[in-house]
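Work through the two exercises below with the model open beside you, and try each task before reading the solution that follows.

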Amino acid sequence: MSSDPDSQDRSSATVAARLAEAIHDHRLIPGMKLNEDEVGVIYGVSRTVVRAALQELAHNHLVELRRNRGAFVAQPSVKEAREVFEARALLEPRTARSAAARTTEADIAALRAHIVAEHAALDAGATGRALQLSGQFHIEIARIADQLTIAEIVAQLVARSSLIIALYWQRRTALCESHAHDQLLRALAARDGALAEDLMKSHLLDILTSLDLRDQSSQPRSLEEALRP
């Protein structure tokens with residue numbers, strides 16, 4: 001294993017991405033312990049790399065680091081789930097309106113490519129990847145709005161809501177049925193801020209109503225089973 005810091009950074013980012021995808025796919029279930037040594041063996045990296053990856057996931061609220069106990073997959077409560085979507089509903093509609101006034105042809109092309117990738121992930125049955133791409137679509141809209149502070153907050157809320165969706169979604173086929181992102185893209189392309197704002201409100205409400213916000217329990221599984229290709 002390389003001792004080069006840049007190489008370690010790249011390795012930790014790769015491990016973080018793979019763990020995040022396993023969390024979004026619900027292969028790693030909420031509350032599951034992520035043993036540093038075991039994760040390192042599975043991915044063939046050092047504990048230092050694993051620790052950096054877990055720190056990144058903790059920053060994005062996908063993992064909880066508990067003093068003297070280790071790292072665990074985050075387990076958002078029903079209360080937290082509601083609060084996260086309430087916060088998104090306060091921020092993102094106005095952000096969509098601002099984005100409509102600032103969007104460029106290059107932005108529209110990038111968002112369109114993003115939607116294509118999201119649909120491709122759905123067609124391939126990669127639900128976790130589709131959820132990540134769906135969240136990134138919202139982050140890109142905040143970036144287009146040129147509101148850096150809000151974009152950072154939205155990015156954190158999106159990371160948390162992706163885990164909430166993976167845990168509480170009662171009808172996953174809704175992903176395939178939803179054309180909300182296509183509609184948002186058309187509103188942005190038309191520079192229609194009022195419509196973009198209304199569509200974002202409806203979209204976030206649809207996501208919230210698709211969640212089964214009741215306490216749920218999952219059967220444990222091993223890290224080996226969850227993370228091996």
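The axes used here are lines fitted to C-alpha atoms, for helices over the stretch in contact, and the angle between two of them runs from 0 to 180 degrees between N-to-C directions. The model is a predicted one.

**Exercise 1.** Determine how helix 5 and helix 6 are arranged relative to one another, and which kinds of residues form their contact.

*Solution.* Begin with the axes: those of helix 5, residues 105–123, and helix 6 come within 8 Å and cross at roughly 165°. Angles over 145 degrees count as roughly antiparallel, and helix 5 is therefore roughly antiparallel to helix 6. Next take the handedness, which is left-handed where helix 5 passes helix 6. Finally, inspect the contact, in which residues of helix 5, including Leu-111, Ile-115 and Leu-122, meet residues of helix 6, among them Leu-133, Phe-137 and Ile-144. The residues of this contact divide into nine nonpolar, three polar and five charged.

**Exercise 2.** Locate Asp-146 and Arg-191, and for each state the sign of phi and whether the residue is exposed, partly exposed or buried.

*Solution.* Recall that most residues other than glycine have a negative phi. Asp-146, found in the loop between helix 6 (127–144) and helix 7 (148–168), has a positive phi, near 60°. Its relative accessibility is 63%, so Asp-146 counts as exposed, the cut-off being over 50%. Turning to Arg-191, its place is in the loop between helix 9 (180–189) and helix 10 (193–209), and its phi is likewise positive, near 60°. Because its relative accessibility is 36%, Arg-191 counts as partly exposed.

Terms used. Residues numbered from 1 in each chain as written. Predicted model: local features only at pLDDT ≥ 70, side-chain atom pairs only at ≥ 80, totals over all residues. Heavy atoms only, no water. Helix = DSSP H or I, 4+ residues; strand = E, 2+ residues; numbered from the N terminus. Buried < 20%, exposed > 50% of the residue type's maximum accessible area, 1.4 Å probe, protein only. Parallel < 35°, antiparallel > 145°, perpendicular 65-115°, else oblique. Left-handed = near helix turned anticlockwise from the far one by under 90°. Contact = heavy atoms within 4.5 Å. Nonpolar A, V, L, I, M, F, W, Y, C, P; charged D, E, K, R; others polar.
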